[in-house]
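My notebook is open and the coffee is fresh. Here is what I looked up, entry by entry.

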Amino acid sequence: MAPVFFGKLKMLKTLITLLFAAQISFVSADTDWRDEVLYFVMLDRFADGDPTNNQDVDQSNDLAFHGGDLEGLTQQLDYLADLGATAVWLTPINQQIDFSIASPNGQFFAHHGYWANDFYAIDPRFGTEADLKNLVSEAHNRGIKVILDVVYNHLGYGADFEDTRPEWLRMGGQCGGDDETMCLSGLPDLRTELPEVRNYLFEAHLGLAERTGIDGFRLDTVKHISHDFWQEHRRLATERLGSDFMLLGEIWGADKITARPYFKSDELSGAFDFVFRDRTLEFLNNISNGKRFGRYLSKRHAVVDGHFLAPFLSNHDMLTLLATLREDKAKYLVAATLLFTAEGLPVITWGEEWGRTGKAWPANRANMYWPDSSVQPNSDWVGDAAIFAKFAELIKLRKALPDLRSSKSEVAYTTQDVLALKRGETSLVVVNRSDSAAQWNDKLGAREDWRLVFSSQGVTAIDKPVLAEGMDARIYVKNR
Ligand SMILES: [Ca+2]
Ligand SMILES: [Ca+2]
């Protein structure tokens, strides 16, 4: 009888543990990332807090290091908090290859962090593990979560493993022709199908997360690794870091359809919404129309429950949106209004809030703009304070008005050039891309029912017949 009794006791213990675990995960899974605002920093281009670690720094070379580091980012957390960011995503900090690559644009260094040499070391040019810990603790003090960019797919050119662990890599003639086995940009592709490679990678990244208390990963090049890898990764991340540990995947070109398999088998918490930028540009540049854009916006976020898309205006691998819009700041602010009134996790890429421009690579990775010229690295362009004010105002409104983050989007009125989208129960987002003012429409109900709370043009009072000025985005809230 004794063994049976013992067995029952053990079962009871297991049950209690399970219940306890379930309760913990329920409590910790409370974060709804759609309520957050994520700020993306290319660490080397943001703020230099420690000039003593500045190796390979040459600000006259767009492709060299510019000195930004973990300490610098930590020093600017108040800036992010003032803007309204609640989470920061920083580029990878693992030890990088320490030589440069010849490119048509000059000598190219691993300043971006995507050319790792050793996943078990932090690159001294970015700081130390203690610096990361300090960043996390200072960020958490300000209510800001920290999302670290990690690479699982490849190493940097000429990484040590090319000599010491060639059997872990695909190089040269071994590179495949499909997404998973290709050598992206000619980089050595890790054989992520091998258990020993997986263990090496999982321990490196999950171990660092465990030791430093970061809140999630931004996962690089997701579609270049198999689904079963990402399933195992999720399982281990949850086991070691809790179910609240956020995994935001870069599936290049993704929208709700592309992201679906990754959400269905719970490989990722969220995915970047690449299509949001495309559809927004199509509308602003007269390629689509109010009706088509409205149909898209009202359905763009129909994703598997518990998952989300993260819309953005631009990232470090494409032209800045302002450059794409040929520096048309009025259009840019309409796009920003759409970003901050969209469902999902909105992402600001460093400097966008100042109107950072920059066309093709490497100009799209320019230094941050700091009003205080003593902060380095600093831009060779002057930030636009009016754009900054609009970004800050939009973020405040998004936080104050849950409707603007709502999963309910309903087209209320469209013309060729105008879209009025009802968000939630009581707010209305109106965009007008034409040169002339759009008139109020009866389909929206009596104008007196609505209160104007935002205009990208800066209109503060309602001109009775005007729904939106030319190239204007407005937010109205229904009077109760
Ligand atoms: Ca530095
Ligand atoms: Ca691969």
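Before starting, I noted how the expected span of a helix is worked out: 1.5 Å times one less than its number of residues. I also reminded myself that this is a predicted model.

**Entry: helix α6.** I took residues 195–212 as my test of that rule. Helix α6 has 18 residues, and I found 25 Å from its first C-alpha to its last, close to the expected 26 Å. Next I looked up which of its residues are buried, and got R198, L201, H205, L208 and A209. Their cover includes the strands β6 (116–122), β7 (145–150) and β10 (216–219), along with helix α7 (227–241). Just after α6 comes G213, and I noted its positive phi, near 80°.

**Entry: helix α12.** I ran the span check again on residues 329–340. With 12 residues at 1.5 Å each, α12 should span 16 Å, and its end C-alpha atoms are indeed 16 Å apart. Is α12 enclosed or open to the outside? I counted 10 of its 12 residues as buried, so the rest of the structure largely encloses it. My list of them reads K331, Y332, L333, V334, A335, A336, T337, L338, L339 and F340. I then asked what they pack against, and found the helices α9 (274–284), α11 (321–324) and α13 (385–400), plus the strands β13 (308–311), β17 (427–432) and β21 (472–478).

**Entry: the nonpolar core.** The largest nonpolar core holds 123 residues, and L38, V41, V88, I147 and A310 have the most contacts inside it. Helix α12 turned up here again, giving the largest share of this core with 8 residues. I also saw that the core takes at least three residues from each of domain 1 and domain 2. I picked V41 for a closer look: leaving out residues up to four places away in sequence, V41 touches F46, L73, V88, W89, L90 and W350.

**Entry: the two domains.** The domain assignment gives domain 1 as 29–405 and domain 2 as 409–478. I noted 33 Å between their C-alpha centres. Where they meet, 26 residues of domain 1 are in contact with 25 residues of domain 2. Which elements give two or more residues to the domain 1 side? They are α9, α10 (290–299), α12 and α13. Of these, α10 gives the most, with 7 residues. Sorting that side by class, I wrote down 13 nonpolar, 6 polar and 7 charged residues.

Definitions and conventions: Residues numbered from 1 in each chain as written. Chains lettered and ligands numbered in written order. Predicted model: local features only at pLDDT ≥ 70, side-chain atom pairs only at ≥ 80, totals over all residues. Helix = DSSP H or I, 4+ residues; strand = E, 2+ residues; numbered from the N terminus. Buried ≥ 20, exposed ≤ 12 C-beta atoms within 10 Å, placed from the backbone. Contact = placed C-beta atoms within 7 Å. Core = buried A, V, L, I, M, F, W, Y, C linked by C-beta atoms within 7 Å. Domains from an automatic or database assignment. Nonpolar A, V, L, I, M, F, W, Y, C, P; charged D, E, K, R; others polar.
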